[in-house]
Amino acid sequence: MIYLDNNATTAVAPEVYEAMQPYLSKYFGNPSSPHALGRHMKHAVEDARIEVASLIGAADPKEIVFTSCGSESDNWAIRGVLATRPDKKHVVTTLVEHEAVRNVCHQLEKEGYDVTWLGVDGNGELDLEELRNALRADTALVSIMLANNETGVLFPMREIGHIVRERSGAVFHVDGVQAVGKVPIELKSCNVDLFALSGHKLHAPQGVGALYVRSGVELPSFILGGKQEEGRRAGTLAVPNIVGLGAACSLARIDGDHTLIESLRNQLEDGILEGISNAHLNGIADRTKRLPNTSSISFEHVDGQSILAHLDDKGICVSTGSACHSSSHTASPTLKAMNVPYSMAQGSIRFSVGRYNTEEEIETTLDVLPKIISKLVEMSPTAK
Ligand code: PLP
C-alpha cells in the first residue's frame with residue numbers, strides 16, 4: 001500500500017510504539033496516585049510535557065495541557081476564552097479553518113456572537129489589512145490556523161500575533177494541528193496565547209492532543225471533575241498516549257527528515273503538474289509558503305471521489321480535500337473561499353507525504369495516476 005494521506009492521520013512510529021509499550025503492560029498506575037506506581041506514571045507524563053513544550057518552543061512545560069485530540073483543544077480554547085469575557089461578543093476567524101474551529105464559530109453565531117470571517121485570495125492567503133480592519137474594542141478572540149489542512153498554505157502566525165496584540169485586547173488562538181512536526185515553531189517569541197495540536201498528525205497514536213496555554217492566560221476547565229492537569233482539564237490522563245505524544249515530539253525535533261519529505265512532495269507535485277494537462281495546483285505556488293508535505297491538486301472536469309476510488313483500487317491512499325469531507329459531495333469550504341471554480345474544486349485531491357514514503361512509491365503513483373485521469377476525462381460529460 002502507498003499511503004499519501006498523512007494529513008488525515010499518520011502511522012504510529014516504531015520509536016513511539018516502543019516508548020508506549022511499558023505503559024500498556026508493566027506500568028499501569030494512576031498518575032494522580034501518590035504511591036510509587038502513580039509517581040512513576042506522573043513522571044512519564046511530565047517528561048512528555050517537556051518534549052511537547054520543547055517542540056513548539058513554549059517558555060515553560062507548564063504551559064502544555066494534555067487533551068484527547070485537536071478538536072477538543074480547539075473547542076476548549078474558543079469556549080474557554082469567551083467564558084472569561086462575557087462582555088465581549090466579537091470573534092475573528094477565517095473561512096478556511098478546520099471544522100473544529102469553523103463549526104464552533106457557526107454555533108457561536110447562533111448564540112448571538114458576531115463573527116467576522118476573513119476570506120483568502122486565489123492562492124489561499126489572508127489579507128492582513130482585512131484582519132487589521134476587523135479588530136474591534138469588543139473582539140474577545142482571534143482564531144486563525146497556522147497551516148491549512150487541505151492546501152498546506154501557511155498563515156504568518158508571528159505577524160498576525162503582532163497585529164492582534166498591537167490593535168486589540170483579544171486573545172489569539174492558533175489551530176496548529178497540521179503544522180506541528182512539519183515546520184519549526186517558537187511560541188515563546190510569538191504573541192500566541194493558545195495553540196492546539198494533535199498527536200495522530202505526527203506519528204503519535206490517535207486520542208491524544210494538547211493545548212498550549214501561555215502563562216497568565218485565564219482559561220476555565222472545559223471538562224469538570226477532578227483536579228488533573230492542575231485543575232485545568234479533568235479526567236484521568238491517558239498515560240500511554242501521552243508518552244507516545246512525547247516520543248513523537250522528540251522524534252520530530254531531532255529528526256531532520258523534512259528535506260526528504262519535501263523532495264518527495266516536490267517530485268510528486270512536479271510530476272503531476274507537468275504530466276497531466278488538466279491538473280492545477282490549489283494554493284500558492286511558492287513552496288516556502290506551504291507545508292513541506294502537502295499538495296492539493298484539482299483535476300478539471302473529473303470527480304475527486306472517482307479518482308480516489310481508482311487510486312484506492314491500485315493500493316494508493318489519498319484524500320479528497322480534508323478527510324472530513326470525504327462523505328459529502330459539496331466542494332470544500334477552503335476551495336470555495338479561494339474561488340476555485342466548481343469544475344475544478346469537485347476534482348480536488350490532497351496528497352500528503354510522510355516520513356515513511358519512498359521515491360519508488362512516488363514513481364509508482366506518477367505512473368498510475370495519469371492513466372486514471374485520462375480514463376476519467378474520456379468518460380467525463382463536461383470535458384469537451
Ligand atoms: N485542526 C486541523 C487543522 C486539522 O487538520 C484537524 C484534523 O484533521 C483538526 C484540527 C482536528 O484534530 P483531531 O482529529 O485530533 O480532532
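Let me begin with H98, where an N or O atom of the side chain sits 3.4 Å from an oxygen atom of the ligand, and let me say at once that we are looking at a predicted model. Two other side chains make a similar approach, and I would like to take them in turn: in H200, a polar side-chain atom is 3.0 Å from an oxygen atom of the ligand, while for K201 the distance between a side-chain N or O atom and a ligand oxygen atom is 2.6 Å. As for how far the ligand is covered, it would expose 390 Å² if taken alone, and the protein buries 89% of that area.

Which residues, then, come nearest to the ligand? Of the 13 residues around it, those are G70, S71, D175, S198 and K201, so you will notice that K201 turns up again here. When the residues of this shell are sorted by class, 7 are polar, 3 are nonpolar and 3 are charged.

Which helix gives the most to the shell? That is helix α3, residues 70–84, which contributes 3 residues.

Staying with α3, please follow this helix to its neighbour, helix α4, which spans residues 99–110. Their axes come within 9 Å of each other and cross at roughly 35°, and the crossing is right-handed. On the α3 side the contact is made by S71, D74, N75, I78, R79 and L82, and on the α4 side by A100, V101, V104, Q107 and L108. By class, this contact has 6 nonpolar, 3 polar and 2 charged residues.

Finally, I would like to show you another pair, helix α2, residues 36–55, and helix α8, residues 239–254, whose axes come within 8 Å and cross at roughly 35°. Is this crossing left-handed or right-handed? For α2 and α8 it is left-handed. The residues that make the contact include M41, A44, V45 and A48 of α2, together with V239, I242, V243 and L245 of α8, and the contact as a whole divides into 12 nonpolar, 3 polar and 2 charged residues.

Terms used: Residues numbered from 1 in each chain as written. Predicted model: local features only at pLDDT ≥ 70, side-chain atom pairs only at ≥ 80, totals over all residues. Heavy atoms only, no water. Axes fitted to C-alpha atoms, helices over the stretch in contact; angles between N-to-C directions. Helix = DSSP H or I, 4+ residues; strand = E, 2+ residues; numbered from the N terminus. Left-handed = near helix turned anticlockwise from the far one by under 90°. Contact = heavy atoms within 4.5 Å. Nonpolar A, V, L, I, M, F, W, Y, C, P; charged D, E, K, R; others polar. Near = heavy atom within 4 Å. Polar contact = N/O pair within 3.5 Å; in protein donor to acceptor, adjacent residues only side chain to side chain. Areas by Shrake-Rupley, 256 points an atom, 1.4 Å probe, with all protein chains shown as cover.
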